[in-house]
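Biologist: I would like to go through this model with you. Short questions, short answers, please.

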Amino acid sequence: MSFKLVTLVVIVLGAIAIAQLVRLYEHSSKLRNRREEDIPNRDNKLNANMMLTFVILLFGGFIWLMSTYGFTGRGEAASEHGKTYDWLLNINLALIVVVFFLTNFLLFFFSFKYVRKPGVKAYFYPHNNKLELIWTVVPAIVLAFIIILGLKTWNGITSDASKEAVRVELFSEQFKWTARYSGNDNKLGYFDYKLTTDKNQLALLTTATLDSAIRLMEVGSNDGTILGIKLLEEKLNNPRNIFIPKDRVKMEDDLDRKTRLLRLLYQMKARHNSNLDARAYDDVIEADTLHLVKNQDYEFNFRAKDVIHSAYFPHFRAQINTVPGLTTRFKFKPTITTSEMKKKMNNPDFNFVLMCNKICGGAHYKMKMIVVVETPSSYKKWMKTKKTFKDEYLAAPAPATTAEATADTLVVAVN
Ligand SMILES: [Cu+2]
């Protein structure tokens with residue numbers, strides 16, 4: 001017999017047993033000359049005492065949990081606005097705790113105190129306008145106060161950053177973060193998803209990346225994993241090639257998509273101003289670790305490659321969604337270095353982190369970046385070891401020229 005069937009039988013038998021007990025109770029009441037709705041004094045007293053015990057356990061448990069596990073365990077706020085944020089959170093918590101104690105005390109203590117007593121008739125009190133007014137207006141004022149303060153703080157975090165703020169981009173994808181620093185000009189280079197190639201994972205826009213994206217569409221990749229339009233056309237038009245219909249449709253779709261992309265890329269190229277190349281060329285790209293300077297204003301620009309992620313900096317009290325096709329932004333100023341925080345938290349292994357806070361797929365739990373907050377001098381030292389996008393891009397092996405690739409494709413086609 002399956003587990004489900006056993007469970008069902010137990011439930012049915014349980015229901016029958018309860019029905020029988022209720023009938024037995026009814027019969028015994030009749031025998032004792034008592035009406036069904038008469039509850040003996042002893043039962044009322046028991047319920048009243050249970051109400052009192054429950055509220056004592058509830059309050060005791062709450063106080064114990066709060067004193068054992070603390071508030072959030074995130075430690076002191078490590079950003080400037082974080083202090084306001086924590087203040088706001090504490091006010092909210094204080095209000096909630098007061099209301100929690102007050103309402104639960106009234107609910108359970110009154111149930112205990114005003115238990116039915118023989119010979120005492122309940123006072124009938126159906127309505128009071130004054131009371132209604134108080135418990136409508138007071139919460140409304142308190143809520144308005146919380147919401148206005150919250151909006152003010154939120155606007156402070158998401159309003160435009162100052163000119164001096166350092167621009168950093170955080171690029172999210174399943175399942176990692178990549179940081180892009182804006183370089184000497186403090187301007188992030190432009191980007192377009194159509195420029196995504198192996199060498200240009202963040203799809204930055206320069207004359208060279210445009211040309212190589214166009215080449216990729218026209219002649220494919222050097223290793224032959226991406227077929228170019230030329231080769232696709234040759235394959236499809238060669239009468240000696242015989243395809244099963246499914247494969248032919250797949251290749252035709254691929255050709256369509258690539259032809260469309262190529263057309264858009266040529267449009268981009270016609271509009272492209274090569275003066276903008278410098279904007280992207282001095283950018284510095286770094287995966288895994290984010291380096292920040294203490295007391296420096298930052299503007300973070302978030303991008304997503306695949307699905308919606310959420311950028312969560314618990315210690316800096318900041319979080320925002322990262323959305324494909326839409327840049328989201330916020331700013332903050334770190335005020336505590338990593339080594340200072342290690343001492344404050346009394347934990348030599350402590351590190352600030354950027355985490356993904358949106359269930360974005362199978363390895364979501366691993367999507368994390370270490371954040372290092374340091375002094376300006378050690379930041380400069382670190383930055384000196386980094387290559388700019390231009391150096392990295394030009395150092396990578398050059399894409400095949402059209403002539404070479406065409407020769408290759410012919411060989412493949414003959415094969
Ligand atoms: Cu994610």
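Modeller: Two strands pair if DSSP finds at least two bridges between them. Helices (H or I, at least four residues) and strands (E, at least two) are DSSP runs, numbered from the N terminus. The model is predicted: local features need pLDDT of at least 70, side-chain atom pairs count only at pLDDT 80 or more, and totals for chains, interfaces and linings use all residues. Numbering starts from 1 along each chain, as its sequence is written.

Biologist: Let us start with pairing. Which residue of β3 stands opposite T178?

Modeller: Strands β2 (residues 176-181) and β3 pair in the antiparallel sense. Four bridges hold that pairing. The residue of β3 that stands opposite T178 is A287.

Biologist: In what order do the strands of that open sheet lie?

Modeller: The sheet is open and has five strands. Its pairing is mixed. The order is β3-β2-β1-β5-β8.

Biologist: Which strands of that sheet have one side without a neighbour, and why?

Modeller: Two strands of the sheet stand at the edges. Each has a single partner strand, so one side of each is left without a neighbour in the sheet. They are β3 (284-287) and β8 (328-332).

Biologist: What twist does that sheet average from one strand to the next?

Modeller: Angles run from 0 to 180 degrees between N-to-C directions, and axes are lines fitted to C-alpha atoms, for helices over the stretch in contact. From one strand to the next, the twist averages 25 degrees.

Biologist: Now the loop between β1 and β2. Which peptide bond is cis?

Modeller: F175 has its place in the loop between β1 (166-173) and β2. Omega is near 0 degrees for the bond that leads into F175. The cis bond runs from Q174 to F175.

Biologist: What is the order of the strands in the open sheet that holds β4 and β7?

Modeller: Five strands form this open sheet, with mixed pairing. Edge strands β4 (289-293) and β7 (318-322) each pair on one side only. The twist averages 20 degrees from one strand to the next. The order is β4-β10-β9-β6-β7.

Biologist: Which residue of β10 stands opposite M355?

Modeller: Strands β9 (residues 352-356) and β10 (residues 368-374) run antiparallel. Four bridges join them. The residue opposite M355 is K368.

Biologist: Which helix lies across β4 and β10?

Modeller: The helix spans residues 376-384. Its direction is at about 140 degrees to β4. The helix is α10.

Biologist: Next, helix α1. How many of its residues are buried?

Modeller: α1 (residues 3-31) should span 42 Å at 1.5 Å a residue (1.5 Å times one less than its number of residues), and the end C-alpha atoms are 42 Å apart, which agrees. Burial goes by C-beta atoms placed from the backbone: buried means 20 or more others within 10 Å of a residue's own, exposed 12 or fewer, partly exposed in between. The helix lies largely in the open, because the number buried among its 29 residues is zero.

Biologist: Is V10 buried or exposed?

Modeller: V10 lies in helix α1. Inside 10 Å, V10 has 10 C-beta neighbours, so V10 counts as exposed.

Biologist: Which residue just after α1 takes a positive phi?

Modeller: The angle is about 60 degrees. The residue is N33.

Biologist: How does N295 count, by its C-beta neighbours?

Modeller: N295 is in the loop between β4 and β5 (298-304). Its phi is near 60 degrees, positive in a residue other than glycine. With 13 C-beta neighbours inside 10 Å, N295 counts as partly exposed.

Biologist: And how does N346 count?

Modeller: N346 lies in the loop between α9 (338-344) and β9. Its phi is positive, about 55 degrees, although N346 is not a glycine. With 8 C-beta neighbours inside 10 Å, N346 counts as exposed.

Biologist: Now the chain as a whole. What is its radius of gyration?

Modeller: The secondary structure comes to 12 helices and 10 strands. The globule rule (2.2 Å times the number of residues to the power 0.38, with the radius taken over C-alpha atoms) gives 22 Å for 415 residues. The chain is well over that value, so it is more spread out than a compact globule: its radius of gyration is 34 Å.

Biologist: How far apart do the C-alpha centres of domain 1 and domain 2 lie?

Modeller: Domain bounds come from an automatic or database domain assignment. Domain 1 covers 189-281 + 395-414, and domain 2 covers 284-384. Their C-alpha centres lie apart by 34 Å.

Note on methods. Two residues are in contact if their C-beta atoms, placed from the backbone, lie within 7 Å.
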